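Q: Please take a close look at one strand for me, and then follow its surroundings outward. I am new to this structure, so keep the steps short.

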Amino acid sequence: MPDTPFAPVILGNEPGSFPHSVLAERHPAIIRQVREAFPYGPGQHTALDGLLGSCTRGVVEPLPADAPDRDRWHGWGLAECAGRSWYDVPWLWSESYFYRRLLDAVGWFGPGPWQGIDPFRPFKRAELDAPETDEELAALDGLRDLPEEERARALLHGSLWGNRADLGFRLSAAGAEERDPAPALVADDSDTLWSLLPPGGTGTLVLVADNAGRELVPDLLLIAHLLTEGRAARAVLHVKPYPYYVSDATTADVVDALHRLRAASGAAAEYGRVLWAALADGRLTVRAHPFSCAPLPYASMPDDLRAEFATATLTVVKGDLNYRRLVGDRLWPPTTPFRETTACFPGPVAALRTLKSDVITGLTPATEAALVAAEGQGWRTGGTHALIQVDPSRHQQ
Ligand SMILES: O=P(O)(O)OC[C@@]1(O)O[C@H](CO)[C@@H](O)[C@@H]1O
C-alpha cells in the first residue's frame with residue numbers, strides 16, 4: 001500500500017469556506033431559481049419551503065416511506081446522516097442529498113403530472129440554445145483540414161474547457177498557458193492519455209459525463225472523433241439517472257444535444273450523424289447507472305460498475321464533482337500523487353476537470369508554489385485552471 005498521507009474528508013461546517021457557502025447560499029439560491037422557473041402549485045411551494053428550512057437551519061430528514069430509492073439511500077448512509085445538521089455530514093453527501101430532496105419537492109418521482117419534469121431544464125436549454133453554442137459549432141469547420149493529432153488535441157481541450165461551459169478551440173491557442181503568471185493547465189498527462197487510445201484501437205472508451213449543454217456537446221464531439229478515427233471501437237457514455245447539480249447531463253440532455261448537432265451545418269452536423277449512427281448500431285451506448293447520483297466516492301462503487309470500468313480501455317471522468325468522487329472528497333496535500341488517490345479505480349482512468357472546489361492532487365511543488373504566489377488559494381475554486389491527469393494502471397481489487 002502506498003504511503004498516502006492522511007487527508008480529512010471535507011465538511012461544510014466551516015463558515016467562510018467554499019463548501020459552507022454552497023450549503024448556506026448556493027442551495028437556497030437554487031431553490032429560489034427553480035421556484036421562479038416553473039408554475040408550481042401550493043404543494044410544491046410548501047415542500048420547497050420545507051426543504052429550505054431543513055437544509056439551512058434544520059437536520060437531514062429521512063426519505064418518505066414510499067420513496068422508490070429508500071433502500072438504496074440507506075445503503076448510501078442515510079440512516080447515519082439522518083438527524084444531523086446538513087453542515088456536519090460529509091459535504092459530498094449533503095450536496096447529493098439536497099438534489100435528491102429537491103426532486104422530491106417538485107414531484108419528479110411522482111406519481112402525478114410533474115413526474116419526470118426536470119426542474120433545471122430551462123437553464124440547460126438556454127445554454128444549449130445560446131448564440132455562443134452556434135459560434136462554437138461553426139468553429140469545428142476550421143478543424144477539418146488539420147492533421148488528426150491536432151484535431152484530436154483540439155477536441156480534447158474542447159471537452160476539458162467545456163467543463164467551464166466553454167469550448168476549448170479558442171482557448172487552446174498556442175502559448176496561452178505560458179503567458180499567465182500561473183499555468184492554466186496545472187497538470188497535463190495528455191501524452192499518456194493518447195498512448196492509451198492509439199489509432200487502430202479495438203478497445204472501449206468510457207466517458208463519465210458531467211454537465212449538459214456546452215460541456216456535453218464537446219464531449220460528444222470527442223467521442224465522435226475517437227470512433228471515426230478508430231482510436232476506440234466502442235464508447236459508453238455515462239449520464240445521470242435524474243437531474244442533479246443543476247446542469248448535470250441526463251439521457252434527455254443527450255437527446256437535446258444530438259438534435260442540436262443534427263440541426264447545425266457543416267462539420268457539426270457530420271459529427272451529429274456519426275453519433276446517431278453509432279447509437280443505432282451499438283458502437284455508442286448511453287448508461288444511467290444509479291451510482292452516478294450516489295453521495296459517495298468511486299471507492300464505494302458497486303460490483304457491476306467496477307466490472308465495467310475494469311474492462312474499459314480508458315475511462316474518462318469529466319468535471320469537478322467526478323474528480324472529487326474519484327480521488328475522494330478530501331483535503332489532500334496538493335502534491336499527493338494522483339495515482340495514489342485513484343487506487344480504488346479498477347482500470348485506466350483520466351480526469352478532465354476545471355478546478356472548482358478545494359480538492360486537488362498530483363501537482364508538482366513548483367506548480368503549487370506558482371499558483372499560491374499568483375492567487376493565494378483562489379485557484380482551487382475559480383474555474384480558471386484545469387487539469388488532465390491519467391492513471392494508466394489496472395489495479396487489482
Ligand atoms: O462537476 P462540475 O460541474 O464541474 O462542478 C460542480 C460544482 O459546481 O459543484 C460543486 C459545488 O457545488 C463543486 O464541486 C463544483 O464547483
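A: **Strand S7 and what lies around it**

Strand S7 covers residues 386–391, and six of its six residues are buried, so the strand is largely enclosed by the rest of the structure. Bear in mind that this is a predicted model.

Look at the two faces of S7. Ala386, Ile388 and Val390 point one way. Leu387, Gln389 and Asp391 point the other way. Both sets are buried. Asp391 counts as buried because its C-beta atom has 20 or more others within 10 Å.

Now turn to the partners. Strand S1, residues 185–188, runs parallel to S7, and three bridges join the two. Within this pair, Ala187 stands opposite Leu387 of S7. Strand S6, residues 349–354, pairs with S7 in the antiparallel sense. Six bridges link S6 and S7. Here Leu352 faces Ile388 of S7.

**A second pair of strands**

Move on to strand S2, residues 204–208. Four of its five residues are buried, so S2 too is largely enclosed by the rest of the structure. Its partner is S3, and the two pair in the parallel sense over five bridges. Thr204 has Arg234 of S3 as its bridge partner. Leu207 stands opposite Leu237, again in S3. S3 is mostly covered, with four of its five residues buried.

**The helix before S3**

Which helix leads into the loop before S3? That is H11, since Gly230 sits in the loop between H11 and strand S3, which spans 234–238. H11 runs over residues 216–228. It has 13 residues and reaches 18 Å from its first C-alpha to its last. That is close to the 18 Å expected at 1.5 Å a residue. Twelve of those 13 residues are buried, so H11 is largely enclosed by the rest of the structure. The buried set includes Leu216, Val217 and Pro218. Asp219 and His225 are also among them.

Gly230 follows H11, and its phi is positive, near 70 degrees. It counts as partly exposed, because 14 other C-beta atoms lie within 10 Å. Leaving out residues up to four places away in sequence, Gly230 touches Pro199, Gly200 and Gly201. How does Gly230 relate to Ala386 in sequence and in space? The two are 156 residues apart in sequence and 27 Å apart in space, C-alpha to C-alpha.

**The loop after S3**

On the other side of S3, a loop leads to helix H12, residues 251–263, and Tyr245 is found there. Val246 is in this loop between S3 and H12 as well. Both have backbone angles worth a look. Phi is near 45 degrees for Tyr245, a positive value in a residue other than glycine. Phi of Val246 is also positive, near 60 degrees. Most residues other than glycine have a negative phi. Tyr245 is partly exposed, with 18 other C-beta atoms within 10 Å. Val246 counts as partly exposed too, with 17 C-beta neighbours inside 10 Å.

**The ligand**

Tyr245 brings us to the ligand, as it is one of the residues that surround it. Others in this shell include Val22, Glu95, Asn163 and Asp210. Lys356 and Ser357 belong to it as well. Which helix gives the most to the shell? Helix H15, residues 319–327, does, with four residues. By type, the shell divides into three nonpolar, four polar and five charged residues.

**The wider frame**

Step back to the whole protein. It is divided into domain 1, residues 18–119, and domain 2, residues 124–391. Their centres, taken over C-alpha atoms, are 28 Å apart. The contact takes 15 residues from domain 1 and 16 from domain 2. On the domain 1 side, helix H1 (18–37) and helix H5 (91–106) each supply at least two residues. H5 gives the most to that side, with seven. The residues of the side of domain 1 that touches domain 2 divide into twelve nonpolar, one polar and two charged.

One last stop is the loop between H5 and helix H6 (121–129), where Pro111 lies. A cis peptide bond joins Gly110 to Pro111, with omega at about 0 degrees. Most peptide bonds are trans.

Notes. Residues are numbered from 1 along each chain as its sequence is written. This is a predicted model: local features need pLDDT of at least 70, side-chain atom pairs count only at pLDDT 80 or more; totals for chains, interfaces and linings use all residues. Domain bounds come from an automatic or database domain assignment. Two residues are in contact if their C-beta atoms, placed from the backbone, lie within 7 Å. Ala, Val, Leu, Ile, Met, Phe, Trp, Tyr, Cys and Pro count as nonpolar, Asp, Glu, Lys and Arg as charged, and the others, Gly among them, as polar. A residue is near a molecule or strand if its C-beta atom, placed from the backbone, lies within 6 Å of it. The expected span of a helix is 1.5 Å times one less than its number of residues. Two strands pair if DSSP finds at least two bridges between them.
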